[in-house]
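Let's take a walk through this one, stopping at charged pairs, cores, a sheet and a few loop residues. Keep the viewer open as you read.

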Amino acid sequence: MDNKELSYYYEKFKYGEDNFHNLMQYRVKEILLISTFYDAYIFEHDSLLSEQIVGEYHQLNLTTVPRITSVPTGEEALNLLREKRYDLVITTMRTGEANTFELSRKIKQLQPELPIILMLAVKSDIVIVNRNRDRLSYIESVFLWNGDSKLILAMIKYVEDKKNAPYDTENGLVKVILLVEDSINFISIYLPLLYTEIMEQTQRLISEELNDNQKYNRMRTRPKVIVTDNYEEGMRLYQQYREHLLCVMSDMEFYHNDELDEEAGIKFLKTIKRENPDLACILQSSVLANRRIAEDLGVTFFHKQSQFLLKDLRNFIVENLGFGDLVFRDEQGGEIGRAKNLLDFERIIPELPMDVVLFHTRRKDFSSWLIAHGEMQIARKLRPVEAEDFGSYDIYRQFLLNQFKSLRRERNRGKIVSLNRESLGIEDAITRISSGSLGGKGRGLAFFNSFLVTTEFESNFRGVRIKIPQTTIIGTTGFSSFVSDNNLFELRNCDDDDEIKRCFIGGELSLQIMDKLRIYLEEVRTPIAVRSSGLLEDSQSQPFAGVYQTYMLPNNSNDIDDRLNQLATAVKLVYSSVFLNDTRSYIENLNYIIEEESMAVLIQKVVGEQYDHFFYPHLSGVAQSFNYYPIGNMDNQDGAASIAVGLGQSVVEGEKSFRFCPEYPTVSYLADEDILKSTQIEFYAIDLDKKDFDIQQGEFETLSKQGMYIAEKHKNLYNMASVWDPENQRIVDGISCAGPRIINFANILKYNVFPLADIIKRVLAVTQVALGIPVEIEFAVDLTKNEAEGIFPTFYMLQVRPMTVNLEDEFVDMESIKPDDLLLYTEEGLGNGVIDDIYDIIFIDPDKFDKTETREMVEEINSLNTMMKEQGKEYILIGPGRWGTRDRFLGIPVIWSQISKAKIIVEVGLEDYNIEPSQGTHFFHNVVALNIGYFYVKYQKKAESFIDWNHIKSVEGATKYKYFVHIASCKPFKVIMDGKNHRSMICKSCVTERLL
């Protein structure tokens with residue numbers, strides 16, 4: 001599926017935002033969004049963005065919402081701009097253009113007055129922008145995508161306010177909030193919060209004054225937010241709107257007279273307070289000592305590094321800033337009932353007296369209310385209808401009810417709907433508990449689910465189903481309320497993880513969430529997985545995969561209260577993971593604060609069937625669209641997959657699994673005898689007999705690891721296994737004869753009894769096009785088939801996430817390096833570019849390595865990593881086996897926060913310890929997504945790849961610990977990575993200066 005075809009289907013993703021038009025004097029009605037298809041979906045639909053826009057426009061008594069046209073490249077954008085006028089262009093760095101800044105110049109040539117906003121996908125892009133400040137003249141403003149969908153709404157309001165403020169302040173007496181801030185990150189945090197609070201205040205006033213038309217009309221004059229990033233423009237705006245200012249928010253340091261002025265904020269606010277001492281002002285600074293200056297000025301101070309920053313800002317807005325239901329009434333004006341949504345309408349209509357139904361029919365109230373709620377399709381159908389057109393009034397009532405049910409059922413396919421007993425039965429819908437963002441995993445699943453429904457993707461595979469598991473999401477509002485209601489925010493500084501978990505488990509979920517969870521459990525009696533979906537998790541900006549745990553629940557107790565308690569505890573433990581020390585460390589390493597993370601929770605039916613007292617799928621796996629280890633005729637773009645019998649822990653944890661290329665599924669990576677040695681011999685399943693389990697121990701607490709003979713006993717190996725023929729030293733397909741079983745999925749990959757390779761290949765291709773970068777997916781397959789009952793083999797997508805983002809490829813001249821200059825050389829390296837500012841190496845002395853003491857090694861490397869963090873230094877980490885494995889005999893079982901300052905990670909093989917590199921794990925994903933160099937040096941007596949242990953161990957001044965050795969060089973080690981060809985090298989510090 002190419003861009004053009006995906007573009008066609010993407011138009012079907014839109015949830016009605018083009019049903020409105022003709023707003024106020026200047027409104028952004030037409031937006032041109034230049035981005036990848038995945039970015040466009042997230043920007044438009046995260047946290048029910050369409051509903052937010054609809055609600056905001058309706059509550060202001062306005063009649064249209066912006067229509068967003070999405071294109072994936074700058075060239076397509078320019079073609080559209082030659083034919084049509086737009087009100088706003090939002091562009092990302094991934095536009096297909098070699099230069100985003102040049103694209104903005106070309107756009108301005110076509111439409112000089114057209115505002116252009118640059119949306120950065122990752123924080124590192126700010127460096128690119130700052131290097132090109134002189135080329136920003138064609139760009140209105142720059143924002144950083146932070147996982148909050150409200151940023152799109154904020155950008156729209158930003159442009160509208162800038163255009164409307166002059167007229168609206170003079171004629172509508174609206175107030176103005178002036179923000180002077182040159183930090184792209186801060187602007188991107190402030191504006192969504194400002195506008196969210198403004199809209200909430202407007203909604204509340206409209207709700208309270210529903211019948212006060214005068215008050216209702218005044219709500220159209222909500223405060224405007226005007227933003228600038230320099231002193232001169234700030235003073236001009238202050239003078240222009242001084243009579244209408246509600247408050248002023250100022251950074252400490254910004255541009256003054258074309259130079260960065262460390263005291264620009266002081267000068268700015270001092271002038272304003274001298275002229276207007278009663279005006280509410282905020283001074284924000286990264287320097288805590290500036291609080292005294294703010295106090296002297298008589299203004300509020302915000303410390304930018306404070307954990308309370310967002311909370312304080314929210315409180316300030318609420319304290320300083322001043323959609324209604326359809327009400328059914330009789331002809332005397334008495335209220336009979338009210339509906340907030342379509343489902344309420346369905347429930348109320350059968351109970352309403354007929355004279356009330358006729359009263360609202362004559363007034364066209366039904367169609368008017370539906371238009372305001374974006375339901376144009378049914379509104380147009382109902383508007384000309386009269387009750388007298390039907391044989392009886394009861395038939396007319398039934399007609400109304402049928403229309404609403406049909407519309408809601410169709411609109412819910414592939415959508416996110418509120419959880420109730422009825423919605424749990426809607427096919428291809430995600431149910432939702434609580435509002436807020438869906439989080440990283442939730443966004444990816446929602447996108448893929450909508451794609452499946454819209455494109456009917458599975459029609460390409462006869463007799464096969466492709467879907468996501470039944471999924472319920474608790475939005476991030478549930479997390480915020482839980483932390484607030486139970487006074488848990490102070491635990492963000494607690495060093496005791498057990499205490500954090502205890503306090504969270506002791507907290508109480510809201511009655512609304514508990515009631516919804518009970519309804520869920522009354523309908524679902526099979527095992528469930530409770531997964532994290534952090535706001536930052538699995539996004540392109542911040543890879544959080546592997547930071548949080550998943551909790552697997554058997555969900556088979558006869559006492560629903562027991563099951564409810566287990567589920568609630570799992571949800572609370574997912575919430576607590578945001579505050580745990582490893583998570584906080586990870587967030588800090590990404591230069592974020594804990595308040596910027598929020599948590600949604602995914603509750604999914606576990607894929608599989610019950611066999612005896614075990615529950616598991618036939619197979620599970622992970623696949624990537626970019627293959628870092630191609631062999632033979634394979635290409636990087638052909639992708640790679642690893643699969644295993646049973647639950648996916650075998651693959652994710654780096655245990656034995658079967659790896660193949662979806663493009664060449666019959667090509668083996670290993671010789672037959674090596675396949676025998678590496679074949680999967682155990683599988684994971686949920687143990688349904690486990691009644692008394694401690695859920696705090698994580699996902700493995702309810703799992704059981706069984707020998708492969710158990711799966712064969714369950715008759716589940718027929719399509720997954722072959723037999724080793726020791727006499728002929730070969731693999732025989734199928735399990736019809738005796739002999740050691742080899743899990744190579746021959747019937748599936750060679751004889752295509754289930755089109756797994758083709759499904760993976762097409763899913764990877766289309767999701768990579770949609771996201772615009774290489775992707776990784778997790779999946780499970782249930783091969784159960786009963787055509788008489790409509791049961792078909794099914795491929796379930798569990799996750800989709802980006803692998804990495806790298807906009808600035810660096811040229812690497814590998815041929816200029818001599819072998820004698822090298823400390824390390826490998827042809828199995830990941831990463832791209834040149835690093836020349838690393839002075840430290842931490843390695844395990846191979847002569848002292850003992851695989852039975854790897855847990856002790858974790859403690860030592862954690863201490864060393866903490867020391868490096870305190871010194872603000874990065875280092876090269878070298879050690880035998882796999883970094884991050886949970887099997888302590890396969891390597892060092894660290895978690896990311898314990899080696900977070902490692903810029904280069906090296907896995908090496910020893911003569912008697914030649915472990916294959918880690919593949920398909922969360923840890924691996926984080927290494928790649930964070931652009932960490934990852935090298936593998938296999939032990940071979942004659943090999944092109946090598947590590948010069950003699951040189952490393954002979955470096956003078958090294959500090960030796962029990963297991964590790966720390967080299968702190970006065971000269972840097974130069975690291976060169978050729979990502980395309982997988983060649984990587986580390987130069988000796990003594991020759992780095994010559995090579996620089």
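## Salt bridges between separate elements

E778 and R801 form a salt bridge, with their closest N and O atoms 3.0 Å apart. E778 sits in strand 32 (residues 775–782) and R801 in strand 33 (residues 794–802), so this pair ties together parts that are 23 residues apart in sequence. Both partners are tucked away: E778 is buried, and so is R801. Bear in mind that you're looking at a predicted model, and that the structure holds 34 salt bridges, of which only a few get a mention here.

Another pair worth clicking on is D561 with R518, whose side chains meet in a salt bridge at 2.8 Å, N to O. This pair links distant parts of the chain, with D561 in helix 23 (residues 560–576) and R518 in helix 22 (residues 511–523), 43 residues apart. How much of these two shows on the outside? D561 has a relative accessible area of 42%, so it is partly exposed. R518 comes out at 29% relative accessibility, so R518 counts as partly exposed too.

## A charged network in helix 7

Now for a pair within a single helix. The side chains of K157 and E160 meet in a salt bridge, at 2.7 Å from N to O. Both residues belong to helix 7 (residues 150–172) and are three residues apart, which is about one turn of the helix.

Are these two charged residues buried or exposed? E160 has a relative accessible area of 0%, so it is buried. K157 also has 0% relative accessibility and therefore counts as buried. There is a third player as well: R27 is linked with K157 and E160 in a network of salt bridges.

## The nonpolar cores

Nonpolar side chains tend to be buried together in soluble globular proteins. The largest nonpolar core here has 71 residues, and the members that touch the most others are F745, L756, F779 and F795. Helix 29 (residues 756–771) supplies the largest share of this core, nine residues. A second, separate core has 41 residues, among them V483, L488, C494 and I513.

F745 is a good residue to zoom in on. Leaving out residues up to four places away in sequence, F745 touches L619, I643, A644, V645, F658, N719, M720 and K750.

## Helix 15, mostly covered

Helix 15 (residues 354–362) has nine residues, and seven of them are buried, so the helix is mostly covered. Which ones are buried? They are M354, V356, V357, L358, F359, H360 and T361.

## A three-stranded sheet

Over in another part of the chain, three strands make an open sheet with antiparallel pairing, in the order 30-29-31. Strand 30 (730–733) and strand 31 (741–743) are at the edges; each has a single partner strand, so one side of each is left without a neighbour in the sheet. From one strand to the next, the twist averages 45°.

Strand 29 (residues 721–725) runs antiparallel to strand 30, and four bridges join them. If you want a spot to look at in that pairing, V723 stands opposite V732 in strand 30.

## Loop residues worth a look

Two residues here have a positive phi without being glycine. S434 has a phi of about 75° and is found in the loop between strand 16 (430–433) and helix 19 (439–455). N487 has a phi near 55° and lies in the loop between helix 20 (476–485) and helix 21 (497–506). Which of them is buried and which exposed? S434 has 15% relative accessibility, so S434 counts as buried. N487 is at 65% relative accessibility and therefore counts as exposed.

Last stop: K656, in the loop between helix 25 (649–652) and strand 26 (658–660). K656 has a relative accessible area of 40%, so it is partly exposed. Not counting neighbours within four places in sequence, K656 is in contact with A644, S650, K677, S678, T679 and Q680. The C-alpha atoms of K656 and S642 are separated by 9.5 Å, with the two residues 14 apart along the chain. A644 is a residue you've already met, as one of the residues touched by F745.

Terms used
Residues are numbered from 1 along each chain as its sequence is written. This is a predicted model: local features need pLDDT of at least 70, side-chain atom pairs count only at pLDDT 80 or more; totals for chains, interfaces and linings use all residues. Side-chain values use heavy atoms; hydrogens and water are left out. Two strands pair if DSSP finds at least two bridges between them. Axes are lines fitted to C-alpha atoms, for helices over the stretch in contact, and angles run from 0 to 180 degrees between N-to-C directions. Buried means under 20% relative accessible area, exposed over 50%, partly exposed in between (1.4 Å probe, protein chains only). A nonpolar core is a set of buried Ala, Val, Leu, Ile, Met, Phe, Trp, Tyr and Cys residues joined through side-chain atoms within 4.5 Å. Contact means heavy atoms within 4.5 Å. A salt bridge is a side-chain nitrogen of Lys or Arg within 4 Å of a carboxyl oxygen of Asp or Glu.
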